Amino acid sequence: MGPTLDFLTLLPYASELLKGLTTTVVLTVVTTLTGLALAVAVAYLRVNAQPWVRWGLGGYVEVTRNTPFIVQLFFIFFGRPGSALKLMPLPRRYCHDAQPGRLQRRDSTRRY
């Protein structure tokens, strides 16, 4: 038989998983509402603004629509190293165990 997944091994990490779920839901709601507000504003201005504003926003829409999302992510991650966008590394308390594909939590009270 193939490998089995035992969910009881995740029980000690329930609080961290719940924090991750909360963060995911909050980010999803905030980015959805921000994207909706931006889309409505751009759509309104493309219909009712001056021709030069319509032309500029049309260019923004076409560049954004016609660029694959992975290319946009690469541009944000690699093309803007000096900007205000700071990406945090994985916290030190997490490290890879000897078993590949498994992430273990270190004891945070351990002194180094």
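Here is a short chat about the predicted model shown above.

Trainee: What pattern does the protein chain follow, read along the sequence?

Mentor: Start with the parts list: the protein chain has three helices and two strands. Going along the sequence, the helices and strands follow the pattern α-α-α-β-β.

Trainee: What percentage of the residues in the protein chain are buried?

Mentor: First, the surface: the accessible area of the protein chain comes to about 10,300 Å², and carbon and sulfur atoms hold 69% of that. As for burial, a residue has to be under 20% relative accessible area to count. Of the 112 residues in the protein chain, the buried share is 7%.

Trainee: Which helix gives the largest share of the largest nonpolar core?

Mentor: That core has five residues, namely Val 42, Ala 49, Val 53, Leu 57 and Val 61. Three of these residues come from one helix, and that's the largest share. The helix spans residues 51–66, and it's helix α2.

Trainee: Which residues is Leu 57 in contact with, leaving aside its neighbours within four places in sequence?

Mentor: Leu 57 is itself one of the core residues, and so is Val 42. With those sequence neighbours set aside, the contacts of Leu 57 are Val 42, Leu 45 and Arg 46.

Trainee: Which residue forms a salt bridge with Arg 65?

Mentor: Side chains of opposite charge can pair when their charged atoms come close. The count here is one salt bridge, and its closest N and O atoms are 3.5 Å apart, inside the 4 Å cut-off. The two partners sit three residues apart in helix α2, so about one helical turn separates them. Arg 65 is exposed at 58% relative accessible area, while its partner is partly exposed at 35%, and that partner is Glu 62.

Trainee: How much accessible area do the residues of the nonpolar surface patch have together?

Mentor: The patch is made of Phe 69, Ile 70, Val 71, Leu 73, Phe 74, Phe 75, Ile 76, Phe 77 and Phe 78. One of them, Phe 75, lies in helix α3, which covers residues 69–78. Taken together, the patch residues have an accessible area of about 930 Å².

Notes. Residues are numbered from 1 along each chain as its sequence is written. This is a predicted model: local features need pLDDT of at least 70, side-chain atom pairs count only at pLDDT 80 or more; totals for chains, interfaces and linings use all residues. Side-chain values use heavy atoms; hydrogens and water are left out. Helices (H or I, at least four residues) and strands (E, at least two) are DSSP runs, numbered from the N terminus. Buried means under 20% relative accessible area, exposed over 50%, partly exposed in between (1.4 Å probe, protein chains only). Accessible areas come from the Shrake-Rupley method with a 1.4 Å probe; for residues, only the protein chains shown count as cover. A nonpolar core is a set of buried Ala, Val, Leu, Ile, Met, Phe, Trp, Tyr and Cys residues joined through side-chain atoms within 4.5 Å. Contact means heavy atoms within 4.5 Å. A salt bridge is a side-chain nitrogen of Lys or Arg within 4 Å of a carboxyl oxygen of Asp or Glu. Patches are made of residues with over 30% relative accessible area and no salt bridge: like charges are joined within 9 Å, nonpolar side chains (Val, Leu, Ile, Met, Phe, Trp, Tyr) within 5 Å.
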